[in-house]
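User: I would like to learn how to read burial and cysteine pairing in a structural model. Could we work through an example together?

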Amino acid sequence: MALLLRFVLLCGVADFTRSLSITTPDQMIEKAKGETAYLPCKFTLSPDDQGPLDIEWLLSPPDNQKVDQVIILYSGDKIYDDYYQDLKGRVHFTSSDLKAGDASINVTNLQLSDIGTYQCKVKKAPGVANKKIQLTVLVKPSGTRCYIDGSEEIGSDFKLKCEPKEGSLPLQYEWQKMSDPQKLPTSWLAEMTSSVINVKNASTEYSGTYSCTVRNRVGSDQCLLSLDVIPPSNRAGTIAGAIIGTLCALLVIGFIIFCCLKKRREEKYEKEVHHDIREDVPPPKSRTSTARSYIGSNHSSLGSMSPSNMEGYSKAQYNQVPSEDFERAPQSPTLPPAKVAAPNLSRMGAVPVMIPAQSKDGSIV
């Protein structure tokens, strides 16, 4: 009985070892951003695995609050790779015949969001197996800049800095002097593997070309720096020149403002003078003098006309005189005419004239 039970157990173990299994071990993969990650998943089948073959890849994000996402699936001899929107078009099976035992995938154009645990599940009833692969996406150092922080003068203190624009930690730095490496100060040796070198009491021997290389586990980047230690500059002269230049600029600006204000005042004065009335120009003739001359001319005309045509002419001429001007004519005081006897008038050559009388309405009587 004991021998029979032992035989059954051995057969069961033999059947278990011959069932479906994934030969690829669990592993961790590190890749740079933008590269392609190959995630292996190779399996073997046993004669007892007679069901349909199903292959499923899952992604477990680093955030435990998120559920596992199916990223690609093989079932019923068809491939479905549009389950996960973030990886759509970037995940593919590497083998064209999955039944041959290779369920590996490629993830192209890696992004930081692709970091996580990928799980490969293979099922062919009654056999089932799965493996996990940890994928880490790192950023290569890039855009590294070398520069000097401070004044490059003899006896001064300054810093040599090396800063990459991006790069996943941890980062390693390595400084080298490209020209005359033997003259490298011993005080710098402890800082040749850091991002900053502190220079104390600089001398001309420090001048030269330096390189800084930045590395991490997925790549490296380099920059160059030219150091030229020079004698101290005449700071007093520089400051004096700056002050003089500033004063000259202020004087020029003040002169321009003065000219603009002066021109504006002159234009304003010309406009005011143009609209003023000149006092030496005689005023126009008044309406009163016009009416007076008009009346005088009519009186002279009446004196030279005969009585036969006096009636019609005097009425027409009287009507032409503007009543307003006539009424407004000023009454200047006149002296009474001197009385002259008729015989004397005849000797003087006077001609007797009959002056018709006028009624109130202006008609000649």
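Analyst: Buried means under 20% relative accessible area, exposed means over 50%, and partly exposed lies in between. This is a predicted model. Cys259, at 32% relative accessibility, therefore counts as partly exposed. Cys248 is likewise partly exposed, with a relative accessible area of 42%.

User: Is Cys259 bonded or free, and which cysteine sulfur is nearest to that of Cys259?

Analyst: A disulfide is assigned where two cysteine sulfur atoms lie within 2.5 Å. Cys259 is in no disulfide, and the nearest cysteine sulfur, that of Cys260, is 6.9 Å away.

User: How many disulfides does the structure hold?

Analyst: There are three disulfides. With the bonded cysteines numbered in sequence order, the pairing is 1-2, 3-6, 4-5.

User: Which parts of the chain does the pair of Cys41 and Cys120 tie together?

Analyst: The sulfur atoms of Cys41 and Cys120 are 2.0 Å apart. Cys41 lies in the loop between β3 and β4, and Cys120 in strand β10, so the disulfide ties together parts 79 residues apart in sequence. The torsion about the S-S bond is about -75°, so this link is left-handed. Cys41 is buried at 0% relative accessible area, and Cys120 is buried at 1%.

User: What is the handedness of the link between Cys146 and Cys223?

Analyst: That link is right-handed, with 55° about the S-S bond. Cys146 belongs to strand β12 and Cys223 to strand β17, so the pair ties together parts 77 residues apart in sequence.

Key:
Residues numbered from 1 in each chain as written. Predicted model: local features only at pLDDT ≥ 70, side-chain atom pairs only at ≥ 80, totals over all residues. Heavy atoms only, no water. Helix = DSSP H or I, 4+ residues; strand = E, 2+ residues; numbered from the N terminus. Buried < 20%, exposed > 50% of the residue type's maximum accessible area, 1.4 Å probe, protein only.
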